[in-house]
Amino acid sequence: MSKNPLVYSTDIGRVKAEKPQETVLKGDGIVRIQRQSSGRKGKGVSVINGLALPTAELEKIASELKKRCGCGGSVKNGNIEIQGENRDLLKQLLEQKGYTVKLAGG
């Protein structure tokens, strides 16, 4: 017997499954930008964490940062990863948006 949720009922018709609510991680209000290269074949990546926003908002901010830096990136586990070592430019752009930003790590 499978544990699939109810999709259709003869009484009420199609049943919509409820999507689980997305949890937003709360931080201390400080956005941290760190440089990582371990596990990335020596390529440097700037990781931005501490933004307590839903994934859709993080992707919107990541898209804007990628355009301004002229490089690629992604959103993973509530963090924004921007390819390359653009920490100073990223700090400047996030401060213009009104965030308190610190450079973390080496």
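The following exchange discusses a predicted model of a protein chain.

Colleague: On what basis are residues and atoms counted here?

Modeller: Residues are numbered from 1 along each chain as its sequence is written, and side-chain values use heavy atoms, without hydrogens and water. Because the model is predicted, local features need pLDDT of at least 70 and side-chain atom pairs count only at pLDDT 80 or more, whereas totals for chains, interfaces and linings use all residues.

Colleague: How many helices and strands does the protein chain have?

Modeller: Helices (H or I, at least four residues) and strands (E, at least two) are DSSP runs, numbered from the N terminus. From that end, the elements follow the order β-β-β-β-α-β-β-α-β. The chain therefore has two helices and seven strands.

Colleague: Which strands are at the edges of the open sheet?

Modeller: Two strands pair if DSSP finds at least two bridges between them. Five strands form the open sheet, with mixed pairing, in the order β5-β6-β4-β3-β7. The strands that pair on one side only are β5 (73-76) and β7 (100-104).

Colleague: Which residue of β6 stands opposite S74?

Modeller: Strands of a sheet pair through backbone hydrogen bonds, either parallel or antiparallel. Strand β5 and strand β6 (residues 79-83) pair in the antiparallel sense, over four bridges. The residue of β6 opposite S74 is E81.

Colleague: At what angle does helix α1 run to β6?

Modeller: Axes are lines fitted to C-alpha atoms, for helices over the stretch in contact (heavy atoms within 4.5 Å). Angles run from 0 to 180 degrees between N-to-C directions. Helix α1 (residues 55-69) lies across β4 (45-49), β5 and β6, and its angle to β6 is about 15 degrees.

Colleague: How many disulfides does the structure have, and why is C69 not bonded to C71?

Modeller: A disulfide is a pair of cysteine sulfur atoms within 2.5 Å. The closest cysteine sulfur to that of C69 is in C71, and the two are too far apart for a bond because the distance is 4.8 Å. A search of the whole structure gives a disulfide count of zero.

Colleague: Is C69 buried or exposed?

Modeller: Buried means under 20% relative accessible area, exposed over 50%, and partly exposed in between (1.4 Å probe, protein chains only). C71, at 24%, is partly exposed. C69 has a relative accessibility of 17%, so C69 counts as buried.

Colleague: What share of the residues of the protein chain is buried?

Modeller: The chain has 106 residues. The share of them that counts as buried is 24%.
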